[in-house]
Each structure stands twice: as C-alpha cells, then as structure tokens.
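Colleague: I'm new to this one, and I'd like a close look at a single helix before anything else. Could you start there and then walk me outward?

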Amino acid sequence: MASGKHSIFLFCYILCFTLTNFALNFRPVLAQKPVFACDVSGNPGLKNFSFCDASLDVKTRVDDLVNRLTLQEKIGFLVDGSKGVSRLGIPNYEWWSEALHGVSNTGPGTKFASPIPSATSFPQVLLTGATFNESLFKSIGKVVSTEARAMYNVGLAGLTFWSPNVNIFRDPRWGRGQETPGEDPVLSSKYGAAYVRGLQQRDDGDKDKLKVGACCKHYTAYDVDNWKGIQRYTFNAVVTQQDLDDTYQPPFKSCVIDGNVASVMCSYNQVNGKPTCGDPDLLAGVIRGQWKLNGYISSDCDSLKEMFNSQKYTKTPEETAALAIKSGLDLNCGSFLSDHTQAAIDGGLLNETDVNKAISNNFAMLMRLGFFDGDPSKQLYGNLGPKDVCTSENQEFAREVAQQGIVLLKNTKGSLPLSPTAIKSLAVIGPNANVTKTMIGNYEGVPCKYTTPLQGLTASVATVYQPGCADISCGTAQVDEAKKVAAAADAVVLIMGSDQSIETESKDRVDITLPGQQSILVSAVANVSKGPVILVIMSGGGMDVQFAKDDPKVTSILWVGFPGEAGGAAIADVIFGNYNPSGRLPMTWYPQSYVDKVNMTNMNMRPDPATGYPGRTYRFYTGPTVFAFGDGLSYSQFNHKLVQAPKLVSVPLDEGHVCRSSECKSIDAVEDTCKNIAFNIHLRVKNVGKMAGSHTVFLFSSPPRVHNAPQKHLLEFEKVHLTPMAEGLVRFNIDVCKHLSMVDEQGNRKVALGQHVLHVGSLKHYLNVRV
C-alpha cells in the first residue's frame with residue numbers, strides 16, 4: 001500500500017512540475033496590431049503634418065515628409081528593415097515579404113502564428129504557367145493579396161511582397177525554373193502582368209492606390225544560380241542586345257507597362273560586365289526612363305555587398321553605395337546602404353538630393369498602400385482577418401489550379417482515365433508518392449493542409465504503398481519490394497521526380513535524368529505489371545524520360561510540377577477522370593545529351609552553326625526533344641477550323657520612305673508606321689470527344705528568315721471549355737507591329753516583309769506582309 005501511495009505522489013509531483021514548467025516557458029506568439037504611420041487617434045498632434053493628410057496628393061505628402069527628416073533618418077529608409085521615426089509617428093517597417101504562389105514566410109516581413117497559422121499554398125508557378133489561363137493568373141493573385149491583407153491586419157505581414165519571378169526558364173538545369181512561368185517571353189509577360197494586377201488592384205477601382213505592392217524580379221538575364229561551382233553572385237551574363245530585348249526583357253517591360261507593378265528587383269549577376277544594381281542604363285535608363293516605372297527599384301538581398309566583396313566592382317564600399325543610388329536604386333535589401341551612404345556623402349560621392357530621390361519613391365509606394373493613412377481597420381481592407389484565410393473556397397481553388405496545370409504527356413489507349421470501380425487494387429510506388437512539403441516547392445508558406453498523392457488516390461480505391469527508394473536521390477532502389485506489390489495490382493501509379501534537394505535556389509542540376517536509380521525502378525515495375533502503368537513526374541524542371549516514353553509497358557506519363565497543398569487530390573482527379581487534363585508544357589524537355597553538350601553559362605538564345613551550338617527553347621532550338629513546348633494531351637479530341645484570316649496585310653508608308661523605292665527585308669515598327677494596322681483571326685474549335693474539357697488554342701507565327709528571327713514564336717493563346725460535340729469561336733486580334741514584329745541585331749523592333757506562316761495546331765495559314 002505504501003509503495004502505491006508513493007507512486008501516486010510521485011506521479012502528481014511530476015505532472016504538477018511539468019505543467020508549471022510548461023506554463024512558465026510557454027510563450028504563445030500572439031498577433032499584434034498592424035504596423036502603420038499617422039495614428040492620429042493615438043497621437044492627435046500628427047494631424048498637423050501634411051504627410052498624414054490622405055486628402056492631399058502623394059507628391060505633396062512625400063515632399064512634406066522628406067523635408068521633415070534628418071539625413072540620418074533618411075538613410076534609415078534606404079533599406080528593407082526601415083528604421084522608424086517616433087517623433088513623426090512613423091514605426092519601423094520591413095519591406096521584405098514574399099508571395100510567389102501564396103503568402104510565404106521566406107522573408108522576415110511575414111510570420112505564421114495565431115490567429116493565422118497558415119495560408120493557401122497554390123501550385124509552384126511553373127505548373128500554373130502550364131494552365132495557359134490568363135484570367136486564372138490574376139485570380140490567384142487576388143486570393144493571395146486578400147490573405148496577405150488579412151495577415152497584415154493582425155500584424156503578421158507587411159504590404160510589400162517581392163513576387164513574381166518572371167525570369168525566362170532558359171536552361172533546363174536552372175534550379176529556380178520552377179518559380180517562373182516558363183521559357184516563353186509572351187507567356188511570362190502575360191503571367192507577370194496578370195499576377196501583378198491580381199495582387200495590386202483594389203476592388204474600389206482606385207488606380208492610384210494599391211491593395212498590396214508586387215515586385216517583378218530578378219532584373220535581368222538572371223538564370224544561373226550555382227552550376228559546377230559558378231555562382232550567381234559573380235556570374236557575368238554575356239548577352240547580345242537582340243537576345244536582351246526579345247527574350248530577357250519583355251516580361252519585365254510587361255510588368256511595368258501592362259501590370260503597373262510597384263517594384264522591380266535588380267539581380268545579383270552582371271550583364272555584359274556591369275552589375276545590374278549598379279547599371280544606370282538598365283535602372284534609371286530603361287525601367288524608369290523608357291518604361292516609366294511608377295514605383296521603387298529594390299536590390300536583391302545583399303547584392304550590393306556581393307557587388308563589393310565578391311565582384312570587387314568598386315574600390316570602396318562608399319563607391320558601391322554611390323553607384324547603386326546614382327544608377328537608380330531606391331531600396332537595398334540588406335544593410336549596405338545604411339552602413340555606407342553617410343560616408344559616401346561625406347566623401348563627395350553622393351549628395352543628399354540623391355538620397356531624397358530614392359526615399360521619395362519608397363515613401364510614395366507606402367502612401368499608395370495606405371501606410372500613412374492611419375488606422376487600417378478604417379480603410380478598404382480593414383475588415384479582413386483570419387476568417388478570410390484558408391477558406392474552403394480558396395483551398396478548392398488551389399486544387400482547381402493544380403487540375404488545370406497537370407500535363408498528360410503520354411496515354412496509350414485503354415490506360416487513363418482509370419475506372420475506380422474496375423480497379424480493385426492500385427499499387428502506389430515511388431519516393432514522391434506520399435510527400436507533403438515537396439508539393440509546395442520553394443518560397444513556400446505554411447499551407448492550410450496537405451493532400452498527398454497517396455491520400456488522393458486512396459480516397460477512390462484500395463491502395464498498396466511502397467516508396468521504392470529511401471529518399472528522392474534513390475541511391476539504391478528497393479526493386480524487389482516494389483515489383484511484388486506491382487505484380488499483384490490491377491494498375492500501378494509510380495510517383496517519381498525531384499524535390500528541393502535536387503533543384504532549387506542556389507542549386508542547379510548537372511543531369512536532367514530521374515535521380516539515382518529511379519529509372520531502374522520504373523522499368524522494373526513496369527515490366528512485371530499486368531495492367532496500366534502511370535508514371536507521374538513531380539518536379540520543377542523537365543526530365544529526360546525518353547526510356548519511359550519509348551517503353552510500351554509505361555502506358556501513361558503525367559507531369560504535375562510541384563502541385564501545391566491540394567496536389568494529391570488534383571492528381572487523383574486526373575487519374576480517375578474526374579478532371580479532363582488540359583495543361584500544356586511551358587518549357588522544352590531536352591534529352592540528357594543536350595546538357596552534356598551545352599554550357600549552362602552560354603546565354604545565347606540563337607544557334608551558332610559555326611560552333612555547333614544548338615540554341616535554346618522552342619523558338620530557336622531545332623534538335624531532338626523528349627517533349628516539346630506546348631505538348632499536352634486530353635481525354636477528348638479538339639478540332640480547329642479557320643473561319644477568318646487575311647492573306648495579305650499592307651503597311652502604309654510615307655511617300656518619301658526608302659522602302660517605297662527600294663526592296664526592304666523589314667521596316668521599323670514605330671508608332672507612325674503601325675497606327676491602327678491590325679486584323680482578326682477567328683477559329684472554330686470543336687470538342688469531338690466524349691468528355692467535357694478545356695483546350696488551349698495556341699497561335700504561333702513563323703516569320704520570314706531575316707534578322708536571325710525565331711523559327712516559331714507564340715503570338716497569343718486562349719483557353720476554352722467545351723462540352724462533348726460543342727463548338728466555340730476563338731478570336732485573336734493581331735496588331736502587326738506588336739505581334740508580327742521581331743528585334744533585329746541592334747535591338748530595334750522591325751516588321752519583316754514577306755510571308756509569315758501562322759500555326760494553330762496542325763493548321764497553317766500563309767500571310768503576306770508588304771508595303
């Protein structure tokens with residue numbers, strides 16, 4: 001008895017000690033109020049400051065604020081961790097938040113904690129690019145900005161989000177290709193502008209104010225992170241003017257001109273020997289001068305430090321600070337400008353007026369965001385809160401985006417879709433079959449919840465799971481165990497691919513085959529299977545899976561990117577026919593031989609027959625591919641019929657124009673020449689299959705072979721949804737100087753004269769452009 005009492009006493013003592021210790025040490029992260037300036041209710045004296053008067057125009061308010069600051073205070077607003085000025089009622093503000101495919105906690109400006117511990121995590125951007133659905137791009141941005149504003153209102157986020165990434169996915173090895181919309185400048189331009197509008201545009205239609213501030217990055221010609229020891233911090237991208245203007249720059253131009261983006265971020269690398277964050281031609285000249293940016297220019301994080309320490313571009317840090325600000329940089333992610341600007345001014349390298357110009361752009365942005373308008377709860381989005389984040393509608397939308405992006409690359413007759421009633425046992429095999437975090441890629445947040453592929457498939461049929469590899473690198477495939485479950489199943493789903501340990505920021509690939517022994521596992525399992533074998537590739541970039549494409553025992557191949565928090569449900573929806581796949585590849589899938597031959601650091605888009613260099617992307621590369629840009633199958637079949645298109649377009653020229661009297665290969669695409677020269681192309685699209693589905697109509701052009709023109713390039717695209725045997729009319733309005741122009745060797749935009757071939761699917765239409 002005594003022993004029992006002692007045990008009870010000991011148990012109570014331990015329990016009480018544990019609970020007391022927990023109570024003493026538990027510090028719940030409670031949300032604070034949002035960060036904002038001009039709190040006149042808390043400090044009525046602020047009413048006397050013009051910069052706090054929301055009825056005044058932005059310039060008047062900014063000028064008033066700048067004039068009230070000391071030089072040291074001004075310098076504090078040149079960095080992402082801006083230092084507040086308590087005497088003026090201005091708190092600290094952290095500029096760096098991220099929202100690549102959902103609100104992210106990658107930057108210090110955003111945290112997940114009570115009462116908002118998570119946010120909707122959409123598919124990684126490359127899979128969203130595969131939807132080729134422009135309205136969807138904007139809708140995602142709108143959801144993300146609503147959740148961002150809700151988090152701001154409870155003190156968990158800022159108002160400036162450094163997304164999207166609109167760099168061109170030039171080389172299949174790039175670890176950050178997953179963050180981009182793909183390899184095509186038109187797709188990337190449309191994605192960037194649409195996502196920015198979704199993030200920024202307010203519901204009251206006020207174009208001077210913003211919901212949140214977006215940022216298009218990384219400007220420019222940035223797409224080498226860490227390849228065979230070559231680092232982004234010191235890489236010099238040698239780029240022709242032609243490639244710069246027709247490939248690398250268009251998405252940024254579209255962000256600024258079409259999207260009215262709040263910010264552009266300059267990159268780590270050099271372009272033609274000059275650091276982008278210290279190049280006045282690229283910053284002040286192009287972004288602010290030519291494109292008329294209404295916003296601020298930010299550096300990538302610590303890029304000024306890298307410019308000085310790693311690139312050794314200037315002799316002193318003060319020279320780097322002066323060069324950056326004079327080049328047009330407004331905000332430094334990092335502490336470099338707060339550390340060295342004063343010394344740059346003291347040394348005569350910079351003056352206070354230069355600092356005023358930079359911080360004025362930063363303040364103007366915060367004013368357009370309502371930061372200086374007092375209590376956010378009394379503003380347009382003040383009612384948003386936890387109830388508006390991770391809503392059932394938002395989570396369902398994340399599933400829908402994944403559905404629309406998934407690409408069916410191979411489908412033998414009788415393979416997909418699987419029938420959930422006919423399949424009694426399904427073997428689910430592979431290192432990505434039951435993953436969670438892998439599905440949300442990088443620059444991720446904390447998702448509302450996960451549905452893994454295994455969970456998604458198990459919701460419809462009985463499954464047997466075998467990982468097949470210890471991890472994604474698959475050093476030794478567990479072939480025997482996988483073959484055993486595969487041989488006994490009615491069908492097999494193999495979920496292979498990569499994760500952030502294979503391809504990500506600061507990690508480019510060397511090989512583009514399936515990692516380790518994954519391909520051995522696929523072939524061994526397919527060989528013993530008695531029914532359909534579906535290979536699902538979950539990855540950022542493309543993979544050389546020619547072996548599986550050629551293997552008749554691998555009956556279907558799906559690419560699912562990194563499909564977001566609801567990825568597993570979307571994969572199951574496609575496999576079981578609850579959703580008819582409509583995604584199309586936004587990038588070329590090259591064979592391994594391509595990367596064996598081509599140096600990743602060669603930035604040239606165009607092929608060079610003299611050296612055997614094959615060129616890049618579907619626009620210029622003519623070699624073998626595993627799968628091509630735009631590839632993607634459906635469970636239905638769609639037919640195209642051309643209804644309306646001209647055969648001849650004449651460009652009117654002035655009487656004295658040289659091309660009236662002598663033969664010209666092209667003419668300048670300038671405003672005087674191009675005014676109102678446009679035509680319509682109408683196509684009838686019919687779903688001749690038995691299943692309703694969506695179909696992307698691509699309009700390509702092959703221009704005359706002048707000025708090293710692309711062999712083919714995308715002009716426009718449109719996604720249509722059609723029920724079985726239904727028809728739809730797709731209309732494209734083609735502006736001759738916008739759509740049919742190209743950039744010549746000097747970077748001038750030209751319209752080629754002669755025969756342009758327009759392609760839609762298997763249709764070809766010949767169009768003659770003449771003067």
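Which residues of helix H11 (residues 317-327) are buried?

Modeller: Before the helix, a word on what you're looking at. This is a predicted model, so to speak of local features we need pLDDT of at least 70, side-chain atom pairs count only at pLDDT 80 or more, and totals for chains, interfaces and linings use all residues. Numbering starts from 1 along each chain as its sequence is written, and side-chain values use heavy atoms, with hydrogens and water left out.

Now your helix. In H11, the buried residues are Pro317, Thr320, Ala321, Ala322, Ala324, Ile325 and Ser327. Buried here means under 20% relative accessible area, exposed means over 50%, and partly exposed is in between, using a 1.4 Å probe and protein chains only. The helix labels come from DSSP runs numbered from the N terminus: helices are H or I with at least four residues, strands are E with at least two. What covers those buried residues of H11 includes helix H9 (281-290), helix H10 (303-309), helix H12 (336-346) and helix H13 (352-368); contact means heavy atoms within 4.5 Å. Right after H11 comes Gly328, with a positive phi near 120°.

Phi is worth following a little further. Most residues other than glycine have a negative phi, and most peptide bonds are trans. Cys390 isn't a glycine, yet its phi is positive, about 55°. You'll find Cys390 in the loop between H13 and helix H14 (392-405), and it is buried, with a relative accessible area of 17%. His707 also has a positive phi of about 55° without being a glycine; it sits in the loop between strand S21 (693-702) and strand S22 (713-722) and is buried at 19%. As for cis bonds, the one from Ser114 to Pro115 has omega near 5°, and the one from Leu416 to Pro417 has omega near 0°. Pro417 is in the loop between S11 and strand S12 (426-429).

S11 takes us to a sheet. Six strands make an open sheet in the order S11-S16-S15-S14-S12-S13, with mixed pairing; two strands pair if DSSP finds at least two bridges between them. Strand S11 (407-411) and strand S13 (463-466) are at the edges with a single partner strand each, so one side of each has no neighbour in the sheet. On average, neighbouring strands here are turned by 15° against each other, direction ignored. Inside the sheet, S15 (residues 533-538) and S16 (residues 556-559) run parallel and are joined by four bridges, and Val536 has Leu558 in S16 as its bridge partner. Helix H19 (residues 567-575) packs on this sheet, touching strand S14 (491-497), S15 and S16, and its direction makes about 150° with that of S15. For such angles, axes are lines fitted to C-alpha atoms, for helices over the stretch in contact, and angles run from 0 to 180 degrees between N-to-C directions.

Want a helix pair to compare? The axes of H16 (residues 479-487) and H17 (residues 518-528) come within 8 Å and cross at roughly 35°. The residues that meet include Val479 and Ala482 in H16, and Ile520 and Leu521 in H17.

Another open sheet has three strands in the order S17-S20-S23, paired antiparallel. S17 (638-644) is joined to strand S20 (residues 678-687) by six bridges, and Gln644 stands opposite His682 in S20.

Last, the rings. The structure holds 29 aromatic pairs: rings of Phe, Tyr and Trp (its six-membered ring) pair if their centres lie within 6.5 Å, and planes under 30 degrees apart count as stacked, over 60 as edge-to-face and the rest as tilted. Phe49 and Phe51 are stacked, 5.4 Å centre to centre with 10° between the planes, and both are buried. H13 comes back here by way of Phe363, since an aromatic cluster includes Phe49, Phe51 and Phe363, and H13 spans 352-368.
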